[in-house]
Amino acid sequence: MNDGTNNRALGRRTFLRAAGVGICLPALPSLLPRRARAGGNAATKRFVALFFPNGTTMRQDWQLGGSGSNYTMGTAHTDLVPLQPYLSMFRNLDGAYAGSPSHSRGTAEFLTGAPITNPDTPEVAISIDQVIADGLEPNTPIRSLHLGPTPYTSGVPMDTGWASGYNAYISWSSPTAPNPPLESAQVAFDQVFVPGGSDPAVAEKRRRLKQSVLDHTLDQIGTIAPRLGSSDAHKLDEYLSSIREVEMQLQNGGTTLPGCSNGATDPGAGLSFPDHTRAMLDVLVLALRCDATRIATYSMDYGFGNKDFSFLGMGPYKHHNLGHGGTAQDRVDANKAIIAWYMGNLAYLLEQMAAVDETTGSLLDNSVVYMGSDVADAWSHSHSDMPMMLAGGGAGALNPGRLIDAAGVSYDSVLLGLAHAMDVPVASFSGATSPFTGL
């Protein structure tokens, strides 16, 4: 690839390279040949799957009402109300594999639509994100990006003795090849902007001095900037500012490395769970907007997730434990607050995507965003009427802003429908041979 310092267009994306850093830039039509600009650009589709654990609070926070575009959301969805035109929610979408271990089955099924049978070694099936990746074969630096929560000190939670991998992995390249999620926001950032890893000495100096990856490419940016129209110049400035803001968040959240007297830090290592979540969402948006990847999954927490949510000020509660300790009002209220927090983070993601102008529409207009959980409810562990959502326009393939009644439809047919919406018209997926067409 060209390093972006000459006057030739680099296809749809420009890369700036120096000292092991590879800054991928968003689409900037000003850099394209005049003929290419006149012909216009087709929208680039992206697929994003987000997972949150433990379902709803006895459906008390997931009260979907009405029908079609005249639907109402529940108390958990307050932050999502302004985004309702972009968001469709499912009613009567049932998981196919209920029963113990409920969380592991639901997590494994989330993107595979498949059962689990081996309690000792994680085995499921290829997931729909990887079917999409196989079909698109995107010419991007990262074939697919997989993100996860802050790590558990004692390892990923196990569900009634089944291998913890069933709760950790939502993306599978084959029945025996999961795609482990990255648990470090800094590592995720580096995958996007420091492909292959930078020169260790340069990286150590950048870390110690809290410098930016952008510092290595200022000359190249200075060469490109005069060639941009006002709209593209604004787009580039916004994008570079976003990169620096995420870097600063990671750097300021670092912890001093043991034995270091020079102030060196491990960026991102000291991030709290909420700060880590926001950083991962920011990295995800950066990766999509610069076309570093078009396919991403993010487990905001793992199946059976038991993160400490005392930061919400509702008490020293851990998420999974709430559904197993009775129905005292303080516990119910705490769980409602947790679900609302996850929905608030989904709203943040959708807002950031909607704010990215891609000429052919916003990043959200051109994306398929699917979010759901491992169970329908934390108390009953039911897999009926799962809390699944779909956002974005899929570059015209989706009809967002509706309540989608999936009664009588198999879960895997919805996953197959997602692949078709991404222009991957595979004939079948899991047990489905007909895609759900009401998306």
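Visitor: Which residues form one aromatic cluster here?

Guide: Phe52, Trp62, Phe273, Phe309, Phe311, Trp341 and Tyr342 form one such cluster, and, since we shall be reading many details of this kind, please keep in mind that the model is predicted. A search of the whole structure finds 16 aromatic pairs.

Visitor: How should a pair of aromatic rings be described?

Guide: In general, one gives the distance of the centres and the angle of the planes. In this structure, the ring centres of Phe51 and Phe110 are 5.4 Å apart and the planes stand at 65 degrees, so this pair is edge-to-face. The pair links distant parts of the chain, with Phe51 in strand S3 and Phe110 in helix H2, 59 residues apart. Phe51 is buried, at a relative accessible area of 0%, and Phe110 counts as buried at 1%. For Trp341 and Tyr342 the centres are 5.1 Å apart and the planes are at 70 degrees, so that pair is edge-to-face as well, and both of these residues are buried.

Visitor: Which way do the side chains of a regular strand point, and which way do those of S3 point?

Guide: The general idea is that side chains in a regular strand alternate between the two faces of the sheet. In S3, Arg46, Val48 and Leu50 point one way, while Phe47, Ala49 and Phe51 point the other way, and all are buried. The strand, residues 46–51, is accordingly described as mostly covered, with 6 of its 6 residues buried.

Visitor: Which strands are joined to S3 by bridges, and in what sense do they run?

Guide: S3 is joined to strand S13 (residues 367–372) by 6 bridges, and the two run parallel; here Phe47 stands opposite Val368. Strand S12 (residues 295–299) also runs parallel to S3, joined to it by 5 bridges, and Tyr298 in S12 is the bridge partner of Leu50.

Visitor: What is the order of the strands in the open sheet?

Guide: The sheet has 7 strands in the order S7-S12-S3-S13-S14-S6-S15, with mixed pairing. Strand S7 (145–147) and strand S15 (403–405) stand at the edges, and each has a single partner strand, so one side of each is left without a neighbour in the sheet. From one strand to the next the twist averages 15 degrees. An antiparallel pairing is found between S13 and strand S14 (residues 389–391), over 3 bridges, where Tyr370 stands opposite Leu390 in S14.

Visitor: Which strands does H2 touch as it packs on the sheet?

Guide: H2 packs on the sheet by touching S3, S12 and S13, and its direction makes about 170 degrees with that of S3. Another helix, H11 (residues 329–354), lies across S3, S13 and S14 and runs at about 175 degrees to S13.

Visitor: In a helix, which residues point the same way, and how many of the residues of H2 are buried?

Guide: As a general matter, an α-helix has 3.6 residues a turn, so residues three or four places apart point the same way. In the case of H2 (residues 102–112), 11 of its 11 residues are buried, and these include His103, Arg105, Glu109 and Phe110. After the helix comes Gly113, whose phi is positive, near 65 degrees.

Visitor: Where does His320 lie, and why is it classed as buried?

Guide: His320 lies in helix H10 (residues 319–322). Its relative accessible area is 10%, and a residue is called buried under 20%, which is why His320 falls in that class. The side chain of His320 makes a polar contact with the side chain of His103, at 3.3 Å. Leaving aside neighbours within four places in sequence, the residues in contact with His320 are Asn54, His103, Phe304, Gly305, Asn306 and His381.

Visitor: Which charged ends sit over rings?

Guide: Two cases can be named: the charged end of Arg105 sits over the ring of Trp162, 5.4 Å from its centre, and that of Lys307 sits over the ring of Tyr152, 4.0 Å from its centre.

Visitor: How many helices and strands are there in the protein chain?

Guide: There are 12 helices and 15 strands, and buried residues make up 54% of the 439 residues in the chain. Among contacts between residues at least 6 apart in sequence, 71% join residues at least 24 apart.

Notes:
Residues numbered from 1 in each chain as written. Predicted model: local features only at pLDDT ≥ 70, side-chain atom pairs only at ≥ 80, totals over all residues. Heavy atoms only, no water. Buried < 20%, exposed > 50% of the residue type's maximum accessible area, 1.4 Å probe, protein only. Helix = DSSP H or I, 4+ residues; strand = E, 2+ residues; numbered from the N terminus. Pairing = 2+ DSSP bridges. Polar contact = N/O pair within 3.5 Å; in protein donor to acceptor, adjacent residues only side chain to side chain. Contact = heavy atoms within 4.5 Å. Axes fitted to C-alpha atoms, helices over the stretch in contact; angles between N-to-C directions. Phe/Tyr/Trp six-rings, centres within 6.5 Å; stacked < 30°, edge-to-face > 60°. Lys NZ or Arg CZ within 6 Å of the ring centre and 35° of its normal.
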